[in-house]
Amino acid sequence: MEAVAQPNPNAGEPRERSQQALTLGERLVRLAGLEFSQVDFLTAACRKLAGGSGAAALQLWVPEADRWLRADVDASGAASVTDLPRTSGDSDGAAICALAALEPVGWDHGLFVARPAGQPDQASAMLVPVPAARSPEAWLVVRGDGPDYVTRRSVDALVRAAGPLAVALDQQRAVAALRERVKEITSLMRLSRLEARADEDLDVLLAEIADLLPPAWQYPGITAAGLVVDAHTAVAGPADREPVAVLRAPVEIGDRHRGEIWVGYVEPRVALDDGPFLREERELLDTFARHVGAMLERRESREERARLETQLRHADRLATIGTLAAGVAHELNEPLGAVLGFSQLARRHEDLPQAAEDDLGKIEAAALHAREIVRQLMLFARQAPTEVQPVDTNQVVHDALSMLSSRCRRARVTPDLELGDPLPKVRADRSQLQQVVINLAVNAIQSMPEGGPLRIVTRAGGGAVELIVTDTGVGMPPEVAEKVFLPFFTTKEVNEGTGLGLAVVHGIVTAHGGTIALESAVGAGTTVRVSLPTDGHA
Ligand SMILES: Nc1ncnc2c1ncn2[C@@H]1O[C@H](COP(=O)(O)OP(=O)(O)OP(=O)(O)O)[C@@H](O)[C@H]1O
Ligand SMILES: [Mg+2]
């Protein structure tokens, strides 16, 4: 654009007028250094420019990528900023005339003269180019009341201010961009500081993250922000007011969409790059969302690692105890066999006093009991010989329940079966599998002193058969749940439980290449899930 502000042709004018123009220019440049948003800056600049001009109305047109920002001020000093669409290259006076309903008259001494369309005799207008260095030209549009009101002389002060105004516009842009960058970096830095506390309660963490957002936006006072991750929500800013414009970015954790992060203005603001938001704000929100996703991903992988470590320690401890138990069981098995055998032999003696025979009977019963415990210890230690064959788990469930039917009746427990059909066979030792179902069912029955449903589900999935036993019994606290697979761990009375039931179940399931998991809540009940690999054909 070749039109630039011409030097003042009225060289001989009074000194104070040029002083006045200089001061206006200075004031504009100073304004640009203040902590104003672009909109506030344009309003304030327009007021200052209108102050000395005595015009009926003054507009400042500033080109942005695809729009004009137009600051308006009228004779009463009322000011506003609006945005209008702009096609690129569309920055000359004629284009503004078309948008502003003015009729171009032509160039006069570096100014563009126009008349309000349709009423050429009542008003006049003058367009002053403002040649900013780093962006397309801005324009001042001055309107007057009479046909000749706006003259070269009357806008002279504005012409002189055009140079400083151009500098001020560039500077304000630079200062504002810098300020936005500083806010952006500050909020990202605070976010990265939160990383050190990423293992705190998730709701507290999300609330702190949400708090970082409003100060990073152009109008913190009217900015609300929020985060949603799974079922957790946090909001910051004026939460009681519905936002009128919102920016959103998805929160992804390990490629999975898990929620979103949003920022909204609760009052309308003039349109900028992305609604009322800056392009940088859109990018900042995306960056924030990525960082939050990565932070939560690290948090979850730490949790997962801790969980796996516990599980591993647990499995390790059970394996160690298993080795010990196997040793003890082996050592006991032989002497027990001898005790049993010799006591049975001794009882066959004739002329044995009745008292001695009774005592031998007790020795035999105690030895049988001890051998049963040894057998269970061997099962736990995976030392029991197995007779593996294709087994129908549903049949095993039926058999086990028929053995327990009278016990169920007495305890007012009603079996509630949901057995998968068809169900692939598992390669297993049938009697050991039956032991699994019996031990789980007995625990369930014992946990429901008032009776209730004993739910057993079998189903196929992922090359395995799942056996799920659920009760609505007393449940157990976490400190009990983590010990249940240890041999001899029991919370029951001496004659009620040995604490070998679940240890045996664990031993049998792992010996069959399967897995077992237990969930329990005090007062709600317990679910035990056993998963056994299938033998590949139904
Ligand atoms: N379904 C359940 N509901 C509530 N607590 C349970 C349940 N199953 C197991 N428990 C808890 O786990 C402990 C260990 O169970 P486990 O079956 O190994 O031994 P036990 O039932 O005490 O004795 P045993 O099974 O040798 O007769 C129980 O004492 C009980 O505290
Ligand atoms: Mg038990």
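In which sense do β15 and β16 pair, and over how many bridges? The two strands pair in the antiparallel sense, over 7 bridges. The model is predicted. This briefing covers strand pairing, aromatic contacts, charges over rings and the two largest pockets.

**Strand pairing**

- β15 and β16 make a hairpin that leaves 2 residues between the strands.
- Gly 462, in the turn of this hairpin, has a positive phi of about 60°.
- Within the antiparallel pairing of β15 and β16, Thr 458 stands opposite Leu 467 of β16.
- β15 (residues 452-461) also pairs with strand β13 (residues 413-419), in the parallel sense and over 7 bridges.
- For Thr 414, the bridge partner in β15 is Pro 453.

**Aromatic pairs: Trp 107 and Trp 139**

- The whole structure holds 5 aromatic pairs.
- One of them joins Trp 107 to Trp 139, with 6.1 Å from centre to centre and 50° between the planes.
- This pair counts as tilted because its angle falls neither under 30 degrees, the range for stacked, nor over 60, the range for edge-to-face.
- Trp 107 belongs to strand β4 (residues 102-108) and Trp 139 to strand β7 (residues 138-144), so the pair links distant parts of the chain, 32 residues apart.
- Trp 139 is buried at a relative accessible area of 0%, whereas Trp 107 is partly exposed at 43%.
- Phe 112 joins Trp 107 and Trp 139 in one aromatic cluster.

**Aromatic pairs: Tyr 219 and Tyr 265**

- Tyr 219 and Tyr 265 form an edge-to-face pair, 5.3 Å centre to centre and with 75° between the planes.
- Tyr 219 is in the loop between α5 (202-212) and β8 (223-229), while Tyr 265 is in strand β11 (residues 256-265), so this pair ties together parts of the chain that are 46 residues apart in sequence.
- Tyr 219 is buried, with a relative accessible area of 9%.
- Tyr 265 counts as buried too, at 0% relative accessibility.

**Charges over rings**

- Tyr 219 also has the charged end of Arg 269 over its ring, 4.9 Å from the ring centre.
- Arg 86 lies over the face of Trp 68, at 5.4 Å from the centre of that ring.

**Largest pocket**

- The largest pocket holds about 900 Å³ of space.
- Its lining consists of 34 residues, and those nearest the pocket centre are Val 442, Asn 443, Gln 446, Lys 492 and Gly 501.
- By class, 14 of the lining residues are nonpolar, 14 are polar and 6 are charged.
- α9 supplies the largest share of this lining, 9 residues.
- Elements that each give at least two residues to the lining are α7 (354-380), α9 (430-447), β16 (464-471), α11 (501-511) and β18 (525-533).
- β16, the hairpin partner of β15, is thus among the elements that line this pocket.

**Second largest pocket**

- About 780 Å³ of space lies in the second largest pocket.
- This pocket is lined by 24 residues, of which Thr 310, Gln 311, His 314, Glu 482 and Phe 485 are the closest to its centre.
- The lining divides into 12 nonpolar, 7 polar and 5 charged residues.
- α6 gives the most to this lining, with 10 residues.
- At least two lining residues each come from α6 (279-347), α10 (478-481), α11 and β17 (515-521).
- α11 supplies at least two residues to the lining of the second largest pocket, and at least two to that of the largest pocket.

How values were computed. Residues numbered from 1 in each chain as written. Chains lettered and ligands numbered in written order. Predicted model: local features only at pLDDT ≥ 70, side-chain atom pairs only at ≥ 80, totals over all residues. Heavy atoms only, no water. Phe/Tyr/Trp six-rings, centres within 6.5 Å; stacked < 30°, edge-to-face > 60°. Helix = DSSP H or I, 4+ residues; strand = E, 2+ residues; numbered from the N terminus. Buried < 20%, exposed > 50% of the residue type's maximum accessible area, 1.4 Å probe, protein only. Lys NZ or Arg CZ within 6 Å of the ring centre and 35° of its normal. 1 Å grid on protein atoms, 1.4 Å probe; cavity = no way out; pocket = protein on both sides within 12 Å on 5 of 7 lines; lining within 4 Å. Points joined across faces, edges and corners; volume = space filled by probe spheres on them. Nonpolar A, V, L, I, M, F, W, Y, C, P; charged D, E, K, R; others polar. Pairing = 2+ DSSP bridges.
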